[in-house]
Amino acid sequence: MKKILFLSLFLVSIVWAKESVTLQLPWLHQFQFAGYYIAKEKGYYANAGLDVTILDAHNKQDAFDAVMAGKAQYGVGRSSLIVDYIKGAPLVLMAAVFQSSPMMLLSRKDANIRSAKDLKNKRIMLTADTIEGAEMQAMLRSVGLQFSDLDLQEHSYDPMSLARGETDAMVSYLSNEPYILQKAGVETHAIHPKEYGFDFYSDILFTTTNETIKNPQRAEAFYDASIKGWLWAFDHIEETAALIYRDYNPQHKSLDALIFEGRALKELAFRPNIAFGSIDPVRLEMIAQGYRLMGVVQSIPSFEPLRYKHSALQLSEKEKQWLRDHPVIRVGIDQNWPPIESVDEKGRHAGVSASYLKLLEKRLGVHFEIDYSRSQWSDSLRSVQNKEIDMLSCAAITDKRRESLLFSRPYLKQSVVIVADSDVGYVNDLNDLSGKKVSVVRSYATEEYLRTYYPKIIPVVADTSLEALQKVTSGEAYACIEGLGVVSHLIERHNLKRLKVVGETSYRYELAFAFRNDWGMLASISDKVLASITPSEYEEIHGRWLVMERNEPVNYRLVWGIVGFMGILFILIAYKNRRLDVLVRQRTTELQTFNQRLQDEIEKAVEKNRKQEKLLMQQAKMAEIGSMLESIAHQWRQPLNILGLSMTRLNLSCAIGGNSESSKVIEIAEAQIEYMSQTIDDFRNFFKQDKDQILVNINTLVNDVEALLGPLLMRKKIIIERDIDMTIEVLVYPNELKQVVINLVNNAREAIEQHRGRERVILIRCVEDEQYCTIAIEDTGGGISPDIIDKIFDPYFTTKFESQGTGIGLYMAKMIVEKHFLGKLSVHNTSKGACFEIRLNRVIKEG
């Protein structure tokens with residue numbers, strides 16, 4: 001009887017040990033919530049002592065309301081949770097599953113809705129939460145629209161409503177509706193808020209402050225199991241899709257649709273060197289600023305209490321015992337792959353992987369014994385597959401290697417680029433190298449990739465990355481493919497001036513710890529360590545690596561100095577448009593033709609207006625401009641190669657260590673690339689009068705400028721104040737006026753940074769009368785020296801270092817205002833700084 005009673009109590013204790021919790025989803029079951037299904041079905045929740053119920057939105061239960069009312073302990077929500085927090089809701093944000101929102105507006109391609117501005121008076125299907133959210137509001141406001149300018153419709157949740165013409169556009173997820181409509185033969189066009197500068201988090205796992213305080217172990221267990229479920233789901237998309245198709249499919253999606261959804265969402269979930277689910281307080285503040293500008297919130301508090309601070313590391317007793325049983329772990333390395341990993345002058349393991357390995361060693365209390373006996377990477381790889389050593393400190397994840405090895409989650413991602421002689425032009429992709437010799441390192445993932453997917457390319461095998469690059473310089477190979485960070489390091493370290501990056505492949509290294517296939521316990525433990533690394537630890541690893549690897553000092557002050565308007569312009573053109581060699585030749589021919597057209601037009605003007613002397617002077621000036629532009633086209637090649645190398649260093653700084661500031665600069669600049677990449681065309685078309693003039697709302701134009709430059713100004717702690725009548729409109733060429741305003745605002749920002757005063761404000765004012773519209777941009781940068789104020793509009797005049805300015809920015813701004821707008825651009829000093837005034841005619845006459 002006692003035994004039966006004891007057994008009963010034991011069974012009851014097992015049941016009681018599992019705490020029941022509920023997760024409320026904001027929508028119906030689909031791949032969007034795959035990680036939670038996997039955590040439940042694979043037993044991750046159960047192993048953590050949790051009995052989790054996952055509720056979808058079939059009963060239209062709002063996740064925020066459910067969690068606040070105690071009906072659910074955890075929920076999934078949008079970035080609007082930030083507003084709820086600011087208004088006093090006791091929230092804690094645990095993880096942002098998607099670093100960028102998959103939400104967008106979808107229209108039929110034949111509806112000719114190409115931009116957000118085209119939505120005016122159109123029928124739009126929106127959901128209640130998107131109307132309340134900041135993304136859609138902010139995008140519309142950036143183009144001068146409000147919801148009242150739209151014909152709002154209740155969302156049918158049926159993509160075929162678009163196909164049947166029942167609406168002009170509908171809010172959609174890029175992972176769902178586009179696939180359905182594509183299968184139905186309907187061509188679509190998407191409008192993404194992030195293309196307008198509003199890149200928000202999505203699908204944020206959240207709970208209450210009370211839950212994290214009263215049940216900290218439960219919260220930690222739920223967090224860890226959920227993250228583990230998500231990582232597994234994205235690593236096994238097909239298998240996860242099959243599970244959802246079978247057990248979580250109330251919408252009756254096809255298996256192919258679920259696989260498509262998973263692949264699309266994976267792109268939004270991962271960013272290089274940002275831990276999965278990471279929430280950056282700087283991005284929270286930027287999102288909150290969007291809500292503040294819309295008047296939704298009045299102030300922005302600290303977001304530290306909002307972010308979940310999970311425990312550094314929680315290991316099970318079974319995992320702790322495994323570590324006690326294996327106090328020494330034998331590690332194989334690649335001795336010749338700097339700066340990722342190598343052996344330094346003192347014969348020690350060095351590089352990024354070494355820093356991660358030391359962190360792992362410190363966190364786990366074990367000793368990693370580095371095996372230096374195998375000088376070639378192929379030998380180390382073979383040794384771990386044969387269980388002669390226990391793990392590799394760094395290996396690229398491939399399908400073939402998964403057959404014999406186990407991997408941790410990636411701790412570093414790196415683009416693989418094409419390197420060739422500096423005389424080689426831009427290479428679109430690896431297909432352009434068919435029939436050519438391409439050097440790769442023996443047994444590297446790039447060799448496997450090349451032999452599998454590009455059999456027409458002739459591999460030239462080298463033992464190290466440096467040897468692979470040297471085979472290009474010696475002519476043994478036409479090109480080499482290797483990781484961007486490695487290429488940048490080796491070209492600079494070994495002075496390989498004849499080499500340059502000529503293209504980018506679609507392949508990307510995902511670097512991780514690799515383990516013998518019977519050591520799954522260590523793989524699981526390593527995942528926990530990597531998931532527990534904080535942003536500051538990422539930066540510490542990165543910083544230590546840079547100090548360790550750098551022989552010659554890099555002037556990072558100068559690098560950041562060029563990240564102004566012209567700096568971003570040149571760097572991004574170098575990075576995004578490597579086909580510059582071809583482009584220069586094309587543009588040079590066009591510029592020569594353009595010079596001839598200028599001369600012909602001026603000669604006609606001389607004859608017509610009988611102002612021979614004055615117009616001859618103008619002709620000389622225009623010819624000088626034409627020569628200048630042609631000279632720029634010829635001379636851009638070498639500076640851009642130098643800037644391209646600087647960009648690889650800056651991009652590597654972002655890619656290796658989670659340097660969030662570098663990443664944000666590039667992300668902000670990406671929003672401008674389409675506009676800025678047309679600069680060479682703008683030079684060519686500078687004096688043409690065949691562009692369309694349209695009425696532009698000045699306040700809306702300033703919105704566009706602030707959307708582009710706002711995050712950079714925010715980081716520099718510079719605020720923009722306005723004194724603009726929102727009704728003022730003027731007939732102009734909008735892109736050219738925007739170019740002038742951006743130039744002046746950037747100059748104001750630089751003046752304020754150099755002045756270093758306490759007041760950091762840029763004031764933009766606009767007034768009008770019957771004849772003129774005057775835009776004033778006033779800064780607190782201390783003003784312009786009287787000795788040079790009369791020269792600042794002269795071509796080539798600059799007070800900046802040669803690498804920071806060309807001296808044509810203000811000159812071109814003045815020419816645009818005076819020649820194209822028949823207006824006037826002037827400057828004067830105020831008590832606090834400089835004030836530039838753009839005086840525009842209310843109507844521009846043709847002539």
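Here is a quick tour of this structure, from its overall make-up down to a few single residues. Keep in mind that this is a predicted model. The protein has 847 residues, and 53% of them count as buried. Its secondary structure adds up to 34 helices and 29 strands.

**The whole chain**

- If you take the contacts between residues at least 6 apart in sequence, 77% of them join residues at least 24 apart.
- The protein exposes about 39,200 Å² of surface, and carbon and sulfur atoms supply 50% of that.

**Gln32 and its neighbours**

- Gln32 sits in the loop between β1 (19-24) and α2 (34-41).
- Loop or not, Gln32 has a relative accessible area of 3%, and buried means under 20%, so Gln32 counts as buried.
- Who surrounds it? Leaving out residues up to four places away in sequence, Gln32 touches Trp27, Phe98, Tyr173, Asp203, Trp230, Glu261 and Leu265.
- Tyr173 deserves a second look: its side chain makes a polar contact with the side chain of Gln32, at 3.4 Å.
- Tyr173 also falls within strand β8 (residues 169-173), which turns up again below as a partner of β5.

**Where α2 meets α11**

- Helix α2, which follows the Gln32 loop, packs against helix α11 (residues 216-235) at an angle of about 105°, with the axes 7 Å apart.
- Angles of 65 to 115 degrees count as roughly perpendicular, so that is how α2 stands to α11.
- On the α2 side, the residues in contact are Ala34, Gly35, Tyr36, Ile38 and Ala39.
- On the α11 side, they are Ala225, Ser226, Gly229, Trp230, Trp232 and Ala233.
- Trp230 of α11 links this packing to the loop before α2: Trp230 meets α2 as part of the α11 set, and Trp230 is also one of the residues that Gln32 touches.

**Where α16 meets α22**

- Helix α16 (residues 352-364) and helix α22 (residues 520-532) also pack at about 105°, here with their axes 11 Å apart.
- α16 and α22 are therefore roughly perpendicular to each other.
- From α16, the contact uses Tyr356, Leu360, Arg363 and Leu364.
- From α22, it uses Ile525, Ser526, Val529, Leu530 and Ser532.

**Strand β5 and its two partners**

- Strand β5 (residues 103-108) is mostly covered, with five of its six residues buried.
- β5 runs antiparallel to β8 and is joined to it by five bridges.
- β5 also pairs with strand β9 (residues 188-191), again in the antiparallel sense, over four bridges.
- Leu105 shows both pairings: its bridge partner in β8 is Val171, and its bridge partner in β9 is Ile191.

**A three-stranded sheet with a cis peptide**

- Three strands form an open sheet in the order β12-β13-β14, with antiparallel pairing.
- Which strands are at the edges? They are β12 (336-337) and β14 (349-350), each of which pairs on one side only.
- Two bridges join β12 to the antiparallel strand β13 (residues 341-343).
- Trp337 has Glu341 as its bridge partner in β13.
- The loop between β12 and β13 holds Pro339.
- Pro338 and Pro339 are joined by a cis peptide bond, with omega about 0°.
- For context, most peptide bonds are trans.

**Two positive phi angles**

- Most residues other than glycine have a negative phi.
- Tyr157 is not a glycine, yet its phi is positive at about 60°.
- Look for Tyr157 in the loop between β7 (151-154) and α8 (160-163).
- Asn495 is not a glycine either, and its phi is positive at about 55°.
- Asn495 is found in the loop between α21 (484-493) and β22 (499-516).

**Arg271, a loop residue under cover**

- Arg271 lies in the loop between α13 (255-269) and α14 (281-293).
- Is Arg271 buried or exposed? Its relative accessibility is 15%, so Arg271 counts as buried.
- Arg271 and Lys413 are 142 residues apart in sequence, but their C-alpha atoms are 8.8 Å apart in space.

Key
Residues are numbered from 1 along each chain as its sequence is written. This is a predicted model: local features need pLDDT of at least 70, side-chain atom pairs count only at pLDDT 80 or more; totals for chains, interfaces and linings use all residues. Side-chain values use heavy atoms; hydrogens and water are left out. Buried means under 20% relative accessible area, exposed over 50%, partly exposed in between (1.4 Å probe, protein chains only). Contact means heavy atoms within 4.5 Å. Accessible areas come from the Shrake-Rupley method with a 1.4 Å probe; for residues, only the protein chains shown count as cover. A polar contact is a pair of N or O atoms within 3.5 Å; within protein, one must be able to donate a hydrogen and the other to accept it, and residues adjacent in sequence count only if both atoms are side-chain atoms. Two strands pair if DSSP finds at least two bridges between them. Axes are lines fitted to C-alpha atoms, for helices over the stretch in contact, and angles run from 0 to 180 degrees between N-to-C directions. Angles under 35 degrees count as roughly parallel, over 145 as roughly antiparallel, 65 to 115 as roughly perpendicular and the rest as oblique.
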